[in-house]
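Me: I would like to go through the charged pairs and strand contacts of this model one question at a time, with the reasoning given before each result.

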Amino acid sequence: MTRRVVVVGDALLDRDVEGTVTRLCPDAPAPVLDERATVDRPGGAGLAALLARRQGVEVALVTAVADDAGGARLSQLLTGAGVQLYALPLDAATPEKIRMRADGQVLLRLDRGGDAAVPGEPSDEVLELFADAAAILVSDYGRGVARVPALRAALAATTAPVVWDPHPRGPAA
C-alpha cells in the first residue's frame with residue numbers, strides 16, 4: 001500500500017500563444033498576433049497535482065479527461081511529469097484556456113470546452129485511492145468532478161485529511 005496525495009477535481013489544458021503585434025487587422029480594429037511560440041501546461045486540478053509532484057510527493061490525480069487532442073496533450077503533460085493519472089471518461093471536449101500574448105500582455109483569452117459536463121463513474125481502483133491516501137485535495141473548478149456521487153461518498157468515508165478548494169459554481173464541500 002503506497003501512501004500518496006490524491007488530487008481530485010477539474011483539470012484543464014492551459015495554452016499560451018506568444019507573439020508580436022506590428023499591425024492591425026484590415027477588416028476589424030483588432031491587433032494581428034504573429035505567433036512565435038506556444039507553451040502548453042496543465043491547469044486547474046492538473047496544476048495542483050503538478051506542483052505537488054514537483055515537491056517530490058507521490059501524486060494521484062482523479063479528473064475527467066475527454067478522448068480528444070486536448071485530453072491527449074493534458075494526459076501526456078501530467079504523466080510525463082510523474083503524476084499518476086486516473087481519468088474519468090468525459091463525453092465532452094477537454095476544457096482549454098488559450099491566452100494570446102504579446103510583449104507579456106494578454107490580448108485575448110479563448111476558452112474551449114464549453115460548459116461543465118457530467119464525468120463518467122469512477123472505477124473501484126479510483127475509489128480505493130481515497131482509503132489509502134495520506135491527504136486529499138479537492139481542486140474544484142465547477143466543471144463536474146466534485147459533483148460525482150461516488151467520489152463524494154468516498155471523500156465522506158475517508159480518514160485522510162481533506163482540503164477543499166471551492167469554486168463559486170461548484171458544490172458545497
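Me: Is Glu58 buried, partly exposed or exposed in this predicted model?
Reply: This is a predicted model, and the assignment rests on relative accessible area, with buried meaning under 20% and exposed over 50%. Glu58 has a relative accessibility of 29%, which lies in between, and therefore counts as partly exposed.

Me: Which residue forms a salt bridge with Glu58, and is that residue buried or exposed?
Reply: The closest N and O atoms of the pair are 3.3 Å apart, and the partner of Glu58 is Arg4. The two belong to distant parts of the chain, 54 residues apart, with Glu58 in the loop between helix 1 (45–54) and strand 4 (59–66) and Arg4 in strand 1 (residues 4–9). At 14% relative accessibility, under the 20% limit, the partner Arg4 is buried.

Me: Which residue forms a salt bridge with Arg101, and how many residues apart in sequence are the parts that this pair ties together?
Reply: Arg101 pairs with Asp16, the closest N and O atoms being 3.4 Å apart. Because Arg101 lies in strand 6 and Asp16 in strand 2, the pair ties together parts of the chain whose separation in sequence is 85 residues.

Me: Are Arg101 and Asp16 buried or exposed, and what is the relative accessibility of Asp16?
Reply: Both Arg101 and Asp16 are buried. Asp16, in strand 2 (residues 11–24), is in contact with Ala37, Thr38, Val39, Arg41, Arg99 and Arg101, leaving aside neighbours within four places in sequence. Its assignment as buried follows from a relative accessibility of 9%.

Me: Thr38 is one of the residues in contact with Asp16; which side chain makes a polar contact with the side chain of Thr38?
Reply: Thr38 is found in strand 3 (residues 31–44) and is partly exposed, with a relative accessible area of 38%. Not counting residues up to four places away in sequence, Thr38 touches Arg15, Asp16 and Val17. The polar contact, at 2.6 Å, is made with the side chain of Glu35.

Me: In which sense do strand 6 and strand 7 pair, and over how many bridges?
Reply: Strand 6 and strand 7 form a hairpin with two residues between them, and Asp103 in the turn has a positive phi of about 55°. Strand 6 (residues 96–102) pairs with strand 7 in the antiparallel sense, and the number of bridges is seven.

Me: Which residue in strand 7 stands opposite Lys97, and what is the N to O distance in the salt bridge between their side chains?
Reply: Within this pairing, Lys97 stands opposite Asp111 in strand 7. Asp111 is partly exposed, with a relative accessible area of 43%. The side chains of Lys97 and Asp111 meet in a salt bridge, for which the N to O distance is 3.5 Å.

Me: How far apart in space are Leu110 and Lys97, C-alpha to C-alpha?
Reply: Leu110, also in strand 7, touches Glu96, Lys97 and Ile98 when residues up to four places away in sequence are not counted. Leu110 and Lys97 are 13 residues apart in sequence, while their C-alpha to C-alpha separation in space is 5.9 Å.

Me: Which residues make the nonpolar surface patch of about 230 Å²?
Reply: Leu107 lies in strand 7 (residues 105–112) and, at 39% relative accessibility, counts as partly exposed. The residues that make the patch are Val21, Leu107 and Leu108.

Technical notes. Residues numbered from 1 in each chain as written. Predicted model: local features only at pLDDT ≥ 70, side-chain atom pairs only at ≥ 80, totals over all residues. Heavy atoms only, no water. Patch = residues over 30% accessible without salt bridge, like charges linked within 9 Å, V, L, I, M, F, W, Y side chains within 5 Å. Areas by Shrake-Rupley, 256 points an atom, 1.4 Å probe, with all protein chains shown as cover. Salt bridge = Lys/Arg side-chain N within 4 Å of Asp/Glu carboxyl O. Helix = DSSP H or I, 4+ residues; strand = E, 2+ residues; numbered from the N terminus. Buried < 20%, exposed > 50% of the residue type's maximum accessible area, 1.4 Å probe, protein only. Contact = heavy atoms within 4.5 Å. Polar contact = N/O pair within 3.5 Å; in protein donor to acceptor, adjacent residues only side chain to side chain. Pairing = 2+ DSSP bridges.
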